[in-house]
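Here are a few exercises on enclosed space, open space and chain contacts. Have a go at each one with the coordinates open before you read the solution.

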Amino acid sequence: MIQKINFSTPKRDVMLDITNKVEECVKESHITSGYCIIYVPHTTAGLTINENADPDVQADMLNALDRAYPWNGNYKHFEGNSAAHIKATTVGFQQVVLISEGRLLLGRWQGIYLCEFDGPRQRQVFVSVFGEK
Amino acid sequence: MIQKINFSTPKRDVMLDITNKVEECVKESHITSGYCIIYVPHTTAGLTINENADPDVQADMLNALDRAYPWNGNYKHFEGNSAAHIKATTVGFQQVVLISEGRLLLGRWQGIYLCEFDGPRQRQVFVSVFGEK
Amino acid sequence: MIQKINFSTPKRDVMLDITNKVEECVKESHITSGYCIIYVPHTTAGLTINENADPDVQADMLNALDRAYPWNGNYKHFEGNSAAHIKATTVGFQQVVLISEGRLLLGRWQGIYLCEFDGPRQRQVFVSVFGEK
């Protein structure tokens with residue numbers, strides 16, 4: 001079963017912590033041991049894992065990506081959002097997280113983030129849980 | 001079962017849309033629900049997902065990677081292709097895509113790309129499908 | 001079953017070849033056909049696959065990441081290690097490698113690397129093997 005979760009992103013670049021939503025899907029699946037595939041069906045938004053404590057980390061990461069891949073970069077694509085495409089490819093479009101004792105086996109400081117690089121938009125995340133009950 | 005598909009890449013940097021080849025593997029597997037692991041066994045080529053419409057996006061992405069990781073960058077590796085190694089690590093070596101109703105559950109604008117960073121070469125992609133028939 | 005392996009990283013930026021440790025987990029699982037999920041529960045260390053021959057490749061890759069994401073980059077995060085966070089997101093936190101005939105189906109030149117970006121530290125890697133015996 002694949003759960004599809006909707007998110008509204010509030011601005012051009014933002015990292016939304018979706019860990020709780022993913023954890024809910026794991027609970028509803030009643031899978032106790034296995035793994036969870038989290039997937040974004042977009043091309044200018046991605047998924048990553050990173051620190052869930054100081055929100056400055058997310059701001060710094062988004063700024064660092066913006067310096068590595070500037071929005072105005074002499075691109076050919078008519079929509080003007082090529083930087084968002086390469087940023088999404090950099091962070092990736094899926095995460096696979098192990099499940100142990102019915103919970104995501106994240107590290108102590110890890111959260112799962114939907115990374116918006118061309119917002120604000122409506123976005124979707126697919127979550128599918130595999131393993132043994 | 002692991003299918004191995006061969007590709008010839010025509011130049012140093014290129015993104016080849018391999019979506020149809022992967023979709024064929026999914027069909028041949030008769031798996032209707034599950035996921036597909038796509039993997040490249042190389043170190044200077046990678047795999048990503050991105051826009052399947054305007055080819056300018058791919059050109060812009062390759063240029064953006066080239067600016068972030070210039071080919072001539074005071075590298076030590078004797079082969080002179082260290083930029084290709086870090087680009088491949090940036091995009092990644094595998095993609096995991098969910099399968100629903102016997103098809104890859106890609107987003108509307110998503111295609112799967114073999115990313116060549118040190119071509120032209122002969123490359124291989126492994127495709128393996130898991131789930132229920 | 002999830003195996004947890006401990007590593008000590010000797011300096012700030014380093015790539016540790018953990019292929020043999022992962023291969024041992026595959027052997028111990030007695031899985032002959034399937035895949036292996038390798039996962040780091042950290043936010044300033046990641047996992048990648050890359051060349052296992054010339055160690056200059058690893059040095060060049062770490063330097064290239066350092067140029068793309070400089071350590072001193074006008075960051076807000078109080079710990080001062082934001083560059084490590086974005087580098088870890090760039091390489092990724094998990095790798096999924098196919099298994100064939102009881103072995104990791106790596107390419108000839110591929111090794112699996114724990115990427116430390118804020119060492120020296122104690123790090124952990126989770127390895128879980130799925131498939132048929």
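**Exercise 1.** Work out the volume of the second largest cavity in this predicted model and describe its lining.

*Solution.* Start with the size: the second largest cavity comes out at about 50 Å³. Next, list who lines it: Tyr35, Ile37 and Val96 of chain A, along with Tyr35(B), Ile37(B), Val96(B), Tyr35(C), Ile37(C) and Val96(C). Now sort them by class, counting Tyr as nonpolar. That gives nine nonpolar residues, with no polar and no charged ones. Last, map them to elements: strand 3 (33-39) of chain A, strand 3 (33-39) of chain B and strand 3 of chain C each give at least two residues to this lining.

**Exercise 2.** Find out how many cavities of 30 Å³ or more there are, then characterise the largest.

*Solution.* Searching the whole structure turns up two. The largest has a volume of about 270 Å³. It's lined by 24 residues, and those closest to its centre are Val91(A), Gly92(A), Gln94(A), Gln94(B) and Gln94(C). Helix 3 (82-91) and strand 5 (94-100) of chain A each supply at least two lining residues, and so do helix 3 and strand 5 of chain B and of chain C. Then tally the classes: 15 polar, nine nonpolar and no charged residues.

**Exercise 3.** Switch to open space and describe the largest pocket.

*Solution.* Volume first: about 710 Å³. Its lining runs to 33 residues, and nearest the centre you'll find Tyr35(A), Phe130(A), Tyr35(B), Phe130(B) and Gly131(B). By class, the split is 17 nonpolar, 13 polar and three charged.

**Exercise 4.** Take apart the contact between chain C and chain B: which residues, how much area, what polar links?

*Solution.* Count residues on each side: chain C puts in 32 and chain B puts in 28. The buried area is about 2,400 Å², with carbon and sulfur atoms giving 59% of it. Then check for salt bridges, which need a Lys or Arg side-chain nitrogen within 4 Å of an Asp or Glu carboxyl oxygen; the count across this interface is zero. Polar contacts do turn up, in 16 residue pairs with both partners at pLDDT 80 or more. On the chain C side, the elements giving two or more residues are strand 3 (33-39), strand 4 (45-51), helix 2 (55-68), helix 3 (82-91) and strand 5 (94-100). Helix 2 of chain C has the largest share, nine residues. To finish, class that side of chain C: 17 nonpolar, nine polar and six charged residues.

Note on methods. Residues numbered from 1 in each chain as written. Chains lettered and ligands numbered in written order. Predicted model: local features only at pLDDT ≥ 70, side-chain atom pairs only at ≥ 80, totals over all residues. Heavy atoms only, no water. 1 Å grid on protein atoms, 1.4 Å probe; cavity = no way out; pocket = protein on both sides within 12 Å on 5 of 7 lines; lining within 4 Å. Points joined across faces, edges and corners; volume = space filled by probe spheres on them. Contact = heavy atoms within 4.5 Å. Buried area = accessible area lost by both parts, 1.4 Å probe. Polar contact = N/O pair within 3.5 Å; in protein donor to acceptor, adjacent residues only side chain to side chain. Helix = DSSP H or I, 4+ residues; strand = E, 2+ residues; numbered from the N terminus.
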